[in-house]
Amino acid sequence: MTVETKQENLNPFAIAQHYFQQAADRLKLDDGMRAILSTPKRCLTVSIPVRMDNGTYRVFIGHRVAHNMARGPAKGGIRFHPDVNLDEVKALASWMTWKCACLDLPFGGGKGGVQVDPHKLSKAELERLTRRYTSEILPMIGPDKDIPAPDVYTDAQVMAWIMDTYSMTHGATTLGVVTGKPLALGGSKGRDRATARGVQFTLRQACAALKTGIRGSTVAIQGYGNAGSHMARLLHDEGALIVAVSDSKGGVHDPKGLDPDALAAHKKTGASLHTFKSGRPVTNEQLLELPVEILVPAALENQITAANAERIQARIVAEAANGPTTPLADDILFSRGITVVPDILANAGGVTVSYFEWVQDFNTFFWDDDEVDRRLEVYMKRAFDSVADMAAKHLCSLRGGAYVLAVQRVLEATLVRGIFP
Ligand code: NAD
């Protein structure tokens with residue numbers, strides 16, 4: 001059977017498990033250890049009643065999953081999106097386990113989400129939703145238990161409400177309960193662009209391995225939020241030509257290059273990128289298949305699948321998003337010689353600076369931009385090199401190498417701790 005004729009399973013948790021099992025095969029793990037490492041430790045589903053501005057009530061469904069805590073407290077973002085479901089949150093939580101281990105951070109993996117379109121709520125409704133969700137997941141979160149952060153459609157303001165709700169409930173200001181906070185509230189310098197900065201550091205390494213560079217490369221970026229917009233700015237400043245960007249409604253393509261300042265100004269008006277004044281509109285599907293050197297998926301899961309992987313023209317795919325490439329597509333890209341810098345390595349700059357924020361919060365002593373940047377570069381480069389070594393050792397892709405490295409580290413922690421009781 002060819003890959004094209006196989007039915008793809010797009011369930012994110014099944015996909016996460018597939019990548020884990022590949023690493024478990026390479027590490028020759030027995031069934032018991034596979035079950036221990038792959039099964040989420042805690043899953044909580046909550047209902048969130050919210051009084052709307054017009055006096056009516058609505059109930060939203062939210063989740064928080066702590067996938068693994070062998071190496072430290074669970075760590076992972078909170079997503080507010082209409083498609084959130086428990087399997088997606090379980091997948092994202094497990095990717096956080098492997099990501100934190102890949103970067104050698106003292107964290108396990110967690111994730112949370114609420115099934116809601118936050119763009120349809122007023123600010124007051126969003127605050128009530130956030131605070132009630134926080135109070136419902138209070139048994140799970142804490143600075144030494146499980147530490148949320150921003151993800152799709154959540155931001156520093158949402159983190160501030162979470163921090164305040166937790167602190168009010170515990171009767172003490174607790175900065176370290178959440179990261180990605182505003183600078184006025186124990187946030188870290190550089191956290192807003194950290195995910196993109198981390199992708200940039202790994203891209204430099206990937207380019208060097210291919211004897212090319214970011215400078216002069218053409219780039220297409222899918223998704224123009226925290227990850228994607230900072231990516232456009234950073235790569236543009238490094239001399240790349242940003243030829244296409246998109247948001248949920250579509251994007252714009254201009255082979256002559258797009259100006260990040262003009263794009264940001266356009267987005268600020270509330271308009272979608274497909275209405276940008278220069279270039280021509282593209283769909284999100286078309287953007288992925290453009291003839292560029294570097295493709296950065298920075299939106300949602302399952303964007304590069306068996307249906308389009310043969311048509312990807314980029315030499316390097318840098319996964320700023322979590323789970324943008326399905327296993328069948330990953331095999332196709334690998335067989336076509338396309339370098340994929342996998343999510344659990346590429347976008348780990350976000351959680352790495354979240355780790356720095358957590359450390360700064362405990363010390364109540366804050367670093368300057370250069371310090372954050374310098375330390376982040378050390379972590380990203382070291383992780384990239386370890387992943388590349390592991391991939392060479394197992395004759396596999398960088399994703400394969402990243403998973404072996406990560407699973408091995410979590411395995412080691414699990415074995416030295418022992419299984420309680
Ligand atoms: P965000 O909410 O800031 O932005 C999301 C962007 O994606 C928006 O521009 C939105 O318009 C766009 N989008 C939504 N649906 C889309 C679709 N179907 N097609 C194309 N674009 C679409 O979110 P973010 O924090 O930038 O997260 C983006 C990705 O990066 C997610 O996969 C997230 O898990 C991952 N990530 C984020 C962080 C972080 O620190 N924020 C860290 C690691 C990974």
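Mentor: Before we start, one definition: the radius of gyration here is taken over C-alpha atoms, and the globule rule is 2.2 Å times the number of residues to the power 0.38. Keep in mind that this is a predicted model.

Trainee: Okay, so what radius of gyration does the protein chain have, and what would a compact globule have?

Mentor: The chain has 20 Å, and a compact globule with 421 residues would be near 22 Å, so the two agree.

Trainee: And what box do the C-alpha atoms fill?

Mentor: Roughly 55 × 55 × 45 Å, taken along the principal axes.

Trainee: How many helices and strands are there?

Mentor: The protein chain has 14 helices and 13 strands.

Trainee: What share of the residues is buried?

Mentor: Buried residues are 59% of the 421. As for contacts with a separation of 6 or more, 69% are between residues 24 or more positions apart.

Trainee: Switching to the outside, how much accessible surface is there?

Mentor: About 17100 Å², and carbon and sulfur atoms hold 53% of that.

Trainee: What about charges: how many positive and negative side chains?

Mentor: There are 47 positive and 46 negative ones, with the centres of the two sets 2 Å apart.

Trainee: Now rings. How many aromatic pairs does the structure hold?

Mentor: It holds 10. Take Y19 and Y403: their ring centres are 5.6 Å apart and their planes sit at 40°, so that pair is tilted.

Trainee: Where do Y19 and Y403 lie?

Mentor: Y19 is in helix α1 (residues 12-26) and Y403 is in helix α14 (residues 398-417), so the pair ties together parts 384 residues apart in sequence.

Trainee: Is Y19 buried or exposed?

Mentor: Buried, with a relative accessible area of 3%. Y403 counts as buried too, at 2% relative accessibility.

Trainee: Got another pair for me? What do F356 and Y379 form?

Mentor: An edge-to-face aromatic pair, 5.6 Å centre to centre with 70° between the planes. F356 is in helix α12 (residues 349-363) and Y379 in helix α13 (residues 369-393), so this pair joins parts 23 residues apart in sequence.

Trainee: Why does Y379 count as buried?

Mentor: Because its relative accessible area is 17%, and buried means under 20%. F356 is buried as well, at 2%.

Trainee: Last one: which residues do ring pairs link into a cluster?

Mentor: F107, Y355, F356, W358, F362, W367 and Y379. So you've already met two of them, F356 and Y379, as an edge-to-face pair.

Terms used: Residues are numbered from 1 along each chain as its sequence is written. This is a predicted model: local features need pLDDT of at least 70, side-chain atom pairs count only at pLDDT 80 or more; totals for chains, interfaces and linings use all residues. Side-chain values use heavy atoms; hydrogens and water are left out. Helices (H or I, at least four residues) and strands (E, at least two) are DSSP runs, numbered from the N terminus. Buried means under 20% relative accessible area, exposed over 50%, partly exposed in between (1.4 Å probe, protein chains only). Contact means heavy atoms within 4.5 Å. Accessible areas come from the Shrake-Rupley method with a 1.4 Å probe; for residues, only the protein chains shown count as cover. Lys and Arg count as positive and Asp and Glu as negative; His and the chain ends are not counted. The place of a charge is taken as NZ of Lys, CZ of Arg, CG of Asp or CD of Glu. Rings of Phe, Tyr and Trp (its six-membered ring) pair if their centres lie within 6.5 Å; planes under 30 degrees apart count as stacked, over 60 as edge-to-face and the rest as tilted.
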